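Thank you all for making time this morning. I would like to walk you through one part of a model, and I will begin with a term that we need before we look at any strands.

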Amino acid sequence: MNTQLVKAAARTAVALGSAAALLVVPGAEAQSVKLARIKTATSISAADKQQGAKAHPELMRDFGGAYTGPQTAYVTRVGQKIAVQSGLSNAGTDFTVTLLNSPVNNAFAIPGGYIYVTRQLMALMNDEAELAGVLGHEVGHVAARHSKRRQDAATRNAVIGILGTVLGGMIGDQGGLLGGLGGLLQNNSMQLAQIATLGFSRNQELEADQLGAQYLVKAGYDPAALASMLASLANQTDLDARVAGRDSRSLPAWASTHPDPASRVKRAAAIARQINGTKGGLRNAPAFLAALDGVLYGDDPEQGVIEGSEFLHPDLRLRFAVPAGFGMQNSAQAVAISGSGGQAQFTYGPYSGDMTAYIDAVFKGVGGQQRIPYGAVQRTTVNGLPASYASATVSTQQGQRVDITVFAYEFASDRAYHFVAMTPAGQMRSFDAMFASVRRMSDAEARAVRPRRIDVVTVSRGESAASIARRMAFTSFQTERFLVLNGLTATAALTPGQRVKIAVYANR
């Protein structure tokens, strides 16, 4: 949650979807595949450029803004190199490539040639070819005009809203409560981002994979890099679930529109073999690692940080903890909480000192056009903070009964924060400990919060993955994090002189 955004709040905030558009799970050896004939555009239309230019500024704000480190120029250069392979006229200048200051593994595109990759996803990569492969995949979406081909479904996708995305199968496909959740989606840029990251069909994702691999070959890169990047992302997704105590096999709802993860890795490898044989190509790991060194890793303290089961925001001086079995993902505007027992968001809204009006506004934001009848607003005190809450029970499109609770806290006469939580009916008690955990941070606690950065180091004689992993700035899963970060297997042997990545604490 970005400090400046909170202070400037003029509307109920939402969190954009944090799911990565390339999510997969590890696959086996390459399979045979028949390349598709994909119709692509010859230029980016003026209408698409106008649409993208309108969405870009607000999308940048909602995704944490552009990252300002030296990696930015490098990403732009690689992105433009891969964009010209698409055959789109003026591709070298028409594409806007942005490295986002986001702790989420994500990459996406919107109409008009706007391509985005997060610094977190970049940190997971191990060479320039993998970066080019991810960017090429997104260029493929633009060249094939996938967003345009989804315009007929745009309204339906937009009204899903982020809470519908986070809550997955608990909410119906259309109408009912789902349509009302569109009230959380307040502006056009968020709608475009929602469509860009969640709206592509299985076939369109596979088309973008193929186009990305073809662009890699044209640019002289090894097309197998896309498959290795997909596998690394799969391993990271699995590890994130394990760290949070969740079942890694339980994919979020948006993944249902994506190809089967295991087969997708195999298919990407098969495409690489078919279009390039065993020729290989440029990977350029040394240049990539040199550019990556020092990049911010994980949460930016200005947006708050996740440490184990706790969320800490040193600038806003607040903290809370989630129950065992629940995980968190942070964005510039909200923290998404998910687990088998329910889903929630922690965010903020405009506050004028009237907590009843504040809670009513949140319920209206959740319900949109459909009013949610909630019970009386109850008042209490949580760790010295004035707090209020109210609950409602509603039916989903499938006839499921679910409880929705808004639990809000006053931090100042003009500043409040709240949870919106949803569980199957009768199970809201699973969030009681979380509601009771919100409190102010002391100055000493705030000063103790430090960011992490990527440090590229050289393996010395006698060092192993386990010994180097002990330098990782984490208290759990150190070796597993190190292996995933470097695309290594548990049996991989390190060699003296090898360059590897570790995440270390840095000064604010």
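Two strands are said to pair here if DSSP finds at least two bridges between them. With that cut-off in hand, and keeping in mind that what you see is a predicted model, we can turn to strands E8 and E9, which run antiparallel and are joined by 5 bridges. Within this pair, Gly-327 stands opposite Ser-338 in E9, and the two strands form a hairpin that leaves 4 residues between them.

Moving on from E9, we find that E9 and E10 also run antiparallel, with 5 bridges joining them, and that the hairpin connecting E9 to E10 passes through 2 residues. In this second pair, Gly-339 is placed opposite Gly-342 in E10. Strand E9 itself covers residues 335–339, and because 4 of its 5 residues are buried, it is largely enclosed by the rest of the structure.

Let me now place these strands in their sheet. The sheet is open and has 7 strands in the order E8-E9-E10-E14-E13-E12-E11, with antiparallel pairing. Its edge strands, each of which pairs on one side only, are E8, residues 326–330, and E11, residues 378–382. On average, and ignoring direction, neighbouring strands of this sheet are turned by 20 degrees against each other. At the E11 edge, that strand pairs with E12, residues 385–395, in the antiparallel sense over 5 bridges, and there Thr-381 has Pro-386 in E12 as its bridge partner.

What lies across E10, E11, E12, E13 and E14? That is helix H15, residues 355–367, which runs at about 140 degrees to E13. The helix has 13 residues, and its span of 18 Å from first C-alpha to last is close to the 18 Å expected at 1.5 Å a residue.

Which residues of H15 are buried? They are Met-355, Tyr-358, Ile-359, Asp-360, Val-362, Phe-363, Gly-365, Val-366 and Gly-367. As general background to such a list, an α-helix has 3.6 residues a turn, so residues three or four places apart point the same way.

Finally, the two ends of the helix. At the N-terminal end, Asp-354 acts as a cap on H15, with a side-chain oxygen 3.1 Å from the backbone nitrogen of Thr-356, whereas just after the helix Gly-368 takes a positive phi of about 60 degrees.

Technical notes
Residues are numbered from 1 along each chain as its sequence is written. This is a predicted model: local features need pLDDT of at least 70, side-chain atom pairs count only at pLDDT 80 or more; totals for chains, interfaces and linings use all residues. Side-chain values use heavy atoms; hydrogens and water are left out. Axes are lines fitted to C-alpha atoms, for helices over the stretch in contact, and angles run from 0 to 180 degrees between N-to-C directions. Contact means heavy atoms within 4.5 Å. The expected span of a helix is 1.5 Å times one less than its number of residues. Buried means under 20% relative accessible area, exposed over 50%, partly exposed in between (1.4 Å probe, protein chains only). A polar contact is a pair of N or O atoms within 3.5 Å; within protein, one must be able to donate a hydrogen and the other to accept it, and residues adjacent in sequence count only if both atoms are side-chain atoms.
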